[in-house]
Amino acid sequence: MFAAENGLKSDPRLQGISEAIRVVPHFPKQGIMFQDITTLLLDHKAFKDTVDIFVDRYRGMNISVVAGVEARGFVFGPAIALAIGAKFVPLRKPRKLPGKVISEAYELEYGTDCLEIHVGAVQPGERAIVIDDLVATGGTLSAAIRLLERVGAEVIECACVIGVREVKGQCRLNGKPLYILVEPRQIDNCC
Amino acid sequence: MMRGSLLPRCSNSIFPPPPNSNRLRPPFLKRLPAPTAASSGAQSRLTFSQNYRTAPNRLRSSVSESQWKQDREMATGDEQQDPRIAGISSAIRVIPNFPKPGIMFQDITTMLLDTKAFKDTIDLFVERYRDKNISVVAGVEARGFIFGPPIALAIGAKFVPMRKPNKLPGEVISEEYSLEYGTDKMEMHVGAVEAGERALVIDDLIATGGTLCAAVKLLERVGVNVVECACVIELLGLKGRERLGDRPLFVLVNAT
């Protein structure tokens, strides 16, 4: 669901957040309009607003785990975790986490990739959210959900700054709700 | 986006008295039995840079020099350890022989599971850097992305990710640096920072200092004043501090 349709209709912060995101055409390849959040991070107010909106939503929901997907999920997740009193759990590409891990494979356009979590980071029954900057096909987030469920966590929601209206025709991912702040921007004429 | 005046600010820019000396303490070994009240002072310490000479860096503002001189004077006298350090230190897990035999890997992910220790870590950095007119927090991919943004948000600075090649989508500048075998490259977006801005560089750990040095150089090349490098952990014996030269380094925990 989009924040604007879920209690934040006409919230001016959402417009500021959207406008702070830069579109880089044809990255990483022709035809992709890359949604660059690094410009959002340069805008202190917009960055703070982004974190605040997520914190306002998840505070008081008894969330004890914020799982962030490497690497841009690391930029948003920890601040949210700190504010709501949850632990931050990094979900990483293979061979980055030094301790014992479990892995979950997921499909790319060509081939597969893998996401890992440390064994013991999450206890069975913990309530978790997953954070990433953007959801596109949902492949990465689905793998994240499966990983957390395999260690017994209850995934309450997936939260992304940017996302398309429907992921593969669904507003849910593996049956879990998606909470998205803004839609992807098209390229502006001005810059 | 340059912060305003470089004129000295009034007394609210005085730092809260930081604990500890700027001498390195004995090596801190993880997994020791919980320190007794008597021994708790010996293990992990806030360590201030030993290199607080006034640098001949023409980009340093008068605010910066007087602030850091004051800090050094306060640092040399007081031997007290901030009580939060012990908890932070003991929350860090050591993984032997990762990524290869002989390396004792300092794993901060366990500290991120300890909400108090993680909060204390951020608070210690924020207390140090708030009111220092810092407008840029640069974080080195990927673990610098965990600590940098909460600090940036708390002190009112922007966060600038420093990334491996081909990750940043826009126009970048690159700095090559040496590894044990071969070289790697670090990149930053053109236009993320402006000349004259005051910056911190954050990473979870400093070892040889190669990565941090590359990040610092990238910023200095575009005219940014790197006020300090800040890490949770310093791995002693790898000359990381030396590699940074006269640039200040602040760490919370030493390890061998």
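**Exercise 1.** Determine how many salt bridges the rule finds across the interface of chain A and chain B.

*Solution.* A salt bridge requires a side-chain nitrogen of Lys or Arg within 4 Å of a carboxyl oxygen of Asp or Glu. Applied to this interface, the rule finds zero salt bridges. The model is predicted, so local features need pLDDT of at least 70 and side-chain atom pairs count only at pLDDT 80 or more, while totals for chains, interfaces and linings use all residues. Residues are numbered from 1 along each chain as its sequence is written, chains are lettered from A in the order in which they are written, and side-chain values use heavy atoms, without hydrogens and water.

**Exercise 2.** State which elements of chain A supply at least two residues each to the side that touches chain B, and describe that side by class.

*Solution.* Helices (H or I, at least four residues) and strands (E, at least two) are DSSP runs, numbered from the N terminus. The elements are strand 1 (22-25), strand 2 (33-36), helix 2 (38-42), helix 3 (44-58), helix 4 (73-84) and strand 4 (87-91). Helix 4 of chain A gives the most, with five residues. By class, this side has 20 nonpolar, five polar and nine charged residues.

**Exercise 3.** Give the extent of the interface between chain A and chain B.

*Solution.* Counting contacts (heavy atoms within 4.5 Å), 34 residues of chain A meet 36 residues of chain B. The buried area (accessible area, 1.4 Å probe, lost on being put together, summed over both parts) is about 2700 Å². Carbon and sulfur atoms give 72% of this area. Leu42(A), Leu82(A) and Pro98(A) supply 23% of what chain A buries against chain B, more than any other three residues.

Key:
Buried area = accessible area lost by both parts, 1.4 Å probe. Nonpolar A, V, L, I, M, F, W, Y, C, P; charged D, E, K, R; others polar.
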